[in-house]
Amino acid sequence: MNFMRRMFPRAGAIFVFCLVAASMSASESQKPSGLPSRPQSKSFLLMPARADGAIPKLLSQTGAFKNVRDFALADGLISYDLVVPFWSDGAEKSRFVSVPQNQTIKFSATGEWVFPPGTVFVKSFFFATNELNPTALRRLETRLLVCDETGAVYGVCYKWRADGSDADLLATNLTEEIPIQTATGVRTQLWYYPSRQDCLSCHTANAGFVLGVKTRQLNRDFKFPSGVTDNELHAWNHAGLFNTNFSDADLKNFPKLAAPDDLSRTLEDRARSYLDANCANCHRPNGTVAYFDARYDTPLARQNLVGGRVLIDERIDGARVIAPNDIWRSILFMRANTTEPFKMPPLARSTIDERGMKLLREWIESLPGPPVLPPPEISPRGGNFPQPVEVTLKSESGAKIFYTLDGTMPTTSDLP
């Protein structure tokens with residue numbers, strides 16, 4: 001301030017000071033971008049433009065990698081991540097996308113984006129096969145999702161070789177037993193490699209073909225390979241990947257999912273974000289046969305989640321999609337918290353997402369509702385018994401059990 005007062009009478013000083021001030025203002029407004037320029041990428045890479053074309057037999061032939069053994073992606077691919085990833089049996093994932101040069105993504109603040117033909121998504125899956133060394137990851141598979149010239153998509157799966165030298169195209173689905181070293185020995189976990197048809201069961205036209213890559217999932221900070229940490233939407237916008245240009249002020253108003261561990265967001269936000277990432281591709285209008293809409297963009301009051309009726313009640317009295325304060329009558333929780341044949345999602349899941357279920361349980365139990373007791377334990381669980389068998393019912397203290405022998409719903413007038 002003293003410098004300003006001394007120099008103020010001199011016109012030249014005033015002029016110089018104004019130039020410096022303007023320069024500082026411009027510098028402050030130019031936030032470093034994670035993508036300082038748009039990566040140049042070939043349309044379709046080396047993949048065919050249609051699903052009926054000749055699919056490369058090896059991952060090294062797809063154009064997605066410049067060095068497969070070293071896991072070095074092609075220069076034109078963009079690395080990205082999501083706020084809430086889809087649960088994939090605990091696997092780690094890397095995500096890249098190739099957007100053809102001179103083409104843009106049709107941006108939408110809500111709902112799905114539309115990607116130009118020739119866009120290729122490259123997602124790889126890794127698994128920690130030694131619980132004593134969780135950072136040592138085995139390459140399992142790399143999936144490519146191609147936006148074809150018809151406006152639809154097709155997907156392919158490449159299974160990595162044990163030596164990491166390359167990955168082979170799978171002609172159909174495959175289930176593999178993965179040995180996991182533990183502190184006490186070895187356990188096995190099933191891993192499901194999807195078929196091309198499996199890909200299309202999730203990547204549907206109704207879901208916008210591309211899952212996950214949308215405003216509410218990329219509205220997050222990400223450390224780019226350039227070393228710059230930037231909001232992904234800001235970086236993609238700066239690089240000219242969208243068909244529109246928005247300001248930083250607009251960015252602040254865009255929706256954003258809540259990560260499960262983001263305690264700055266409400267429990268409801270975090271639970272609904274989890275359901276959006278894991279259920280909304282099917283559970284939406286004109287999707288699977290069900291009554292609720294899992295999309296985060298849909299206000300809770302219109303989602304038919306809390307207290308919503310169910311299509312299949314799993315023979316539970318008073319069943320609801322989400323029964324307030326009652327996980328036992330919440331069919332959504334029941335089907336997500338099991339590996340039985342009626343599990344959800346039904347495809348490519350052999351384990352339970354314990355962290356996700358803890359989040360859903362906390363949210364359900366926080367909802368106002370009457371106090372409940374867990375259902376009685378029945379032993380044996382069920383089956384066909386050619387000989388007489390003793391059935392034992394065990395319940396919480398203070399509960400009364402009534403039962404029937406003809407399959408009808410028991411009432412307080414039936415056998416105690």
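Which residues does S41 touch, not counting residues up to four places away in sequence? The contacts are G76, S98, V99, P100 and Q101. S41 sits in the loop between helix 2 (11-29) and strand 1 (65-67). With a relative accessibility of 3%, S41 counts as buried, because the cut-off for that word is under 20%. Please keep in mind throughout that this is a predicted model.

Now the chain as a whole. The protein chain has 9 helices and 14 strands. Its C-alpha atoms fill a box of roughly 105 × 60 × 45 Å along the principal axes. There are 416 residues, and 41% of them count as buried. The accessible surface is about 22,800 Å², with 54% of that belonging to carbon and sulfur atoms. If you take contacts between residues at least 6 apart in sequence, 54% of them join residues at least 24 apart.

Next, the interior. In soluble globular proteins, nonpolar side chains tend to be buried together. Here the largest nonpolar core has 28 residues, and the members that touch the most others are W113, F121, V213 and W236. Three elements each supply at least two residues of this core: strand 3 (78-80), strand 6 (137-147) and helix 5 (232-238). Helix 5 gives the largest share, 3 residues.

W236 is worth a look on the screen. Leaving out residues up to four places away in sequence, W236 touches L35, I78, Y80, V97, I105, W113, V213, L218, F224, L241 and F242. Two of the names there, W113 and V213, were on the previous list as well. Apart from this core there is a second, separate one of 23 residues, which includes L59, A64, L73 and V156.

On to helix 7, residues 267-279. Its 13 residues reach 18 Å from the first C-alpha to the last, close to the 18 Å expected at 1.5 Å a residue. Of those 13 residues, 12 are buried, so helix 7 is largely enclosed by the rest of the structure. The buried set is L267, D269, R270, A271, R272, S273, Y274, L275, D276, A277, N278 and C279. Charged residues are on that list, including D269, R270, R272 and D276. What do the buried residues of helix 7 pack against? They pack against helix 4 (215-218), helix 8 (331-336) and helix 9 (354-366).

Salt bridges next. The whole structure has 21 of them, and I will show three.

The first joins D75 and K66, with the closest N and O atoms 2.8 Å apart. Both partners are exposed: D75 has 62% relative accessibility, and K66 has 57%.

The second is between the side chains of R220 and D81, at 3.7 Å from N to O. This pair links distant parts of the chain, 139 residues apart. R220 is in the loop between helix 4 and strand 11 (221-223), while D81 is in the loop between strand 3 and strand 4 (92-98). D81 has a relative accessible area of 24%, so it counts as partly exposed.

The third is R187 with E131, at 3.0 Å from N to O. R187 belongs to strand 10 (residues 186-193) and E131 to the loop between strand 5 (120-128) and strand 6, so the bridge ties together parts 56 residues apart in sequence. Both ends are partly exposed, R187 at 34% relative accessibility and E131 at 42%. There is also a network: D81, R95, R220 and E232 are joined by salt bridges that share partners. The R220 and D81 pair I just showed is one of the bridges between these residues.

Last, the outside. Which residues form a nonpolar patch on the surface? They are I378, F385, V389, V391, L393, Y403, L405 and L415, and together they have about 740 Å² of accessible area. Take V389 from that group: V389 is in the loop between strand 13 (377-379) and strand 14 (392-394). Its relative accessibility is 39%, so V389 counts as partly exposed.

To recap, then. The predicted chain has two separate nonpolar cores, one of 28 residues and one of 23. Helix 7 has 12 of its 13 residues buried. The salt bridges come to 21, and a nonpolar patch that includes V389 lies on the surface.

Conventions
Residues numbered from 1 in each chain as written. Predicted model: local features only at pLDDT ≥ 70, side-chain atom pairs only at ≥ 80, totals over all residues. Heavy atoms only, no water. Patch = residues over 30% accessible without salt bridge, like charges linked within 9 Å, V, L, I, M, F, W, Y side chains within 5 Å. Areas by Shrake-Rupley, 256 points an atom, 1.4 Å probe, with all protein chains shown as cover. Salt bridge = Lys/Arg side-chain N within 4 Å of Asp/Glu carboxyl O. Helix = DSSP H or I, 4+ residues; strand = E, 2+ residues; numbered from the N terminus. Buried < 20%, exposed > 50% of the residue type's maximum accessible area, 1.4 Å probe, protein only. Contact = heavy atoms within 4.5 Å. Expected span 1.5 Å × (residues − 1). Core = buried A, V, L, I, M, F, W, Y, C linked by side-chain atoms within 4.5 Å.
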